[in-house]
Amino acid sequence: AYVTATRQAAAKANGWSLETLVLDAHVDAAGDADEVSFVVRGMQLVAAEWRDGKLVDGGSMHSVLPDVRFVWREATANESTTDKSNTVALPLYLNETRHTLLLRVPLPADASSNGVW
């Protein structure tokens with residue numbers, strides 16, 4: 001419900017249509033939330049690590065992701081043709097049971113790790 005509420009608030013604040021909004025994730029981004037963004041702290045990665053601005057195959061089972069700033073924006077017309085070969089749609093679950101999938105977060109990934117995910 002929180003993610004949906006932030007989407008609606010961003011659309012209303014900017015006069016955007018809900019159907020045109022996409023959610024970007026910026027790892028280790030400084031700043032506080034505003035009318036188009038929110039910050040999540042303490043997210044855990046399983047079998048992966050965040051290193052040098054991208055996901056890499058992790059040596060440990062769990063690692064904490066730096067703060068993630070989620071930003072709502074309007075999609076561009078050519079967005080579907082953008083090269084996403086070095087990104088991973090990381091699933092974001094409500095909690096560690098992984099029963100409730102909230103959304104998928106596209107994040108840059110190490111090219112050598114793409115076959116892992």
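This passage describes the strands, the largest pocket and several individual residues of a predicted model. Residues are numbered from 1 along each chain as its sequence is written, and side-chain values use heavy atoms, with hydrogens and water left out. In this predicted model, local features need pLDDT of at least 70 and side-chain atom pairs count only at pLDDT 80 or more, whereas totals for chains, interfaces and linings use all residues.

Helices (H or I, at least four residues) and strands (E, at least two) are DSSP runs numbered from the N terminus, and two strands are taken to pair if DSSP finds at least two bridges between them. As general background, the strands of a sheet pair through backbone hydrogen bonds, in either a parallel or an antiparallel manner. In this model, 3 strands form an open sheet in the order β1-β5-β2, with antiparallel pairing. The edge strands are β1 (21-27) and β2 (37-40), each of which pairs on one side only. From one strand to the next, the twist averages 25°, where axes are lines fitted to C-alpha atoms, for helices over the stretch in contact, and angles run from 0 to 180 degrees between N-to-C directions. Helix α1 (residues 2-14) packs on the sheet and touches β1, β2 and β5, and its direction makes about 45° with that of β5; contact here means heavy atoms within 4.5 Å.

The strand β5 (residues 68-74) is joined to β2 by 4 bridges, and the two run antiparallel. Within this pairing, V39 has R69 in β5 as its bridge partner, and F38 stands opposite F70 in β5. The antiparallel pairing of β1 with β5 extends over 7 bridges, and here L23 has W72 as its bridge partner in β5. Strand β5 is mostly covered, since 5 of its 7 residues are buried, where buried means under 20% relative accessible area, exposed means over 50%, and partly exposed lies in between (1.4 Å probe, protein chains only).

Two residues of the loop between β1 and β2 differ in their exposure, and the first to be considered is V36, which is placed in that loop. V36 is buried, with a relative accessible area of 14%, and its contacts, leaving aside neighbours within four places in sequence, are A10, N14, W16, F70, V71 and W72. The C-alpha atoms of V36 and A10 are separated by 4.6 Å, although these residues are 26 residues apart along the chain. D32, which also lies in the loop between β1 and β2, counts as exposed at 60% relative accessibility. With neighbours within four places in sequence again left aside, D32 is in contact with S37, V39 and R69; the C-alpha atoms of D32 and R69, 37 residues apart along the chain, are separated by 8.3 Å.

A second antiparallel pairing involves β6 and β7, which are joined over 7 bridges, and in β7 the bridge partner of L90 is V105. The side chains of β6 alternate, in that V88, L90 and L92 point to one face and are buried, while T87, A89, P91 and Y93 point to the other and are not. In the segment after β7 lies D110, which counts as buried at 19% relative accessibility and touches K54, L55 and V56 when residues up to four places away in sequence are not counted.

The largest pocket has a volume of about 760 Å³. On a 1 Å grid over the protein atoms alone, a pocket is an open set of points where a 1.4 Å probe fits, with protein on both sides within 12 Å along at least five of seven lines, and lining residues have an atom within 4 Å of a point. Grid points are joined across faces, edges and corners, and the volume is the space filled by probe spheres set on the points. Of the 26 residues that line the largest pocket, Q44, V46, P91, L92 and Y93 are the closest to its centre. The largest share of this lining, 5 residues, comes from β3.

Finally, most residues other than glycine have a negative phi. A47, in strand β3, has a positive phi of about 60° although it is not a glycine, and A47 is partly exposed, with a relative accessible area of 28%.
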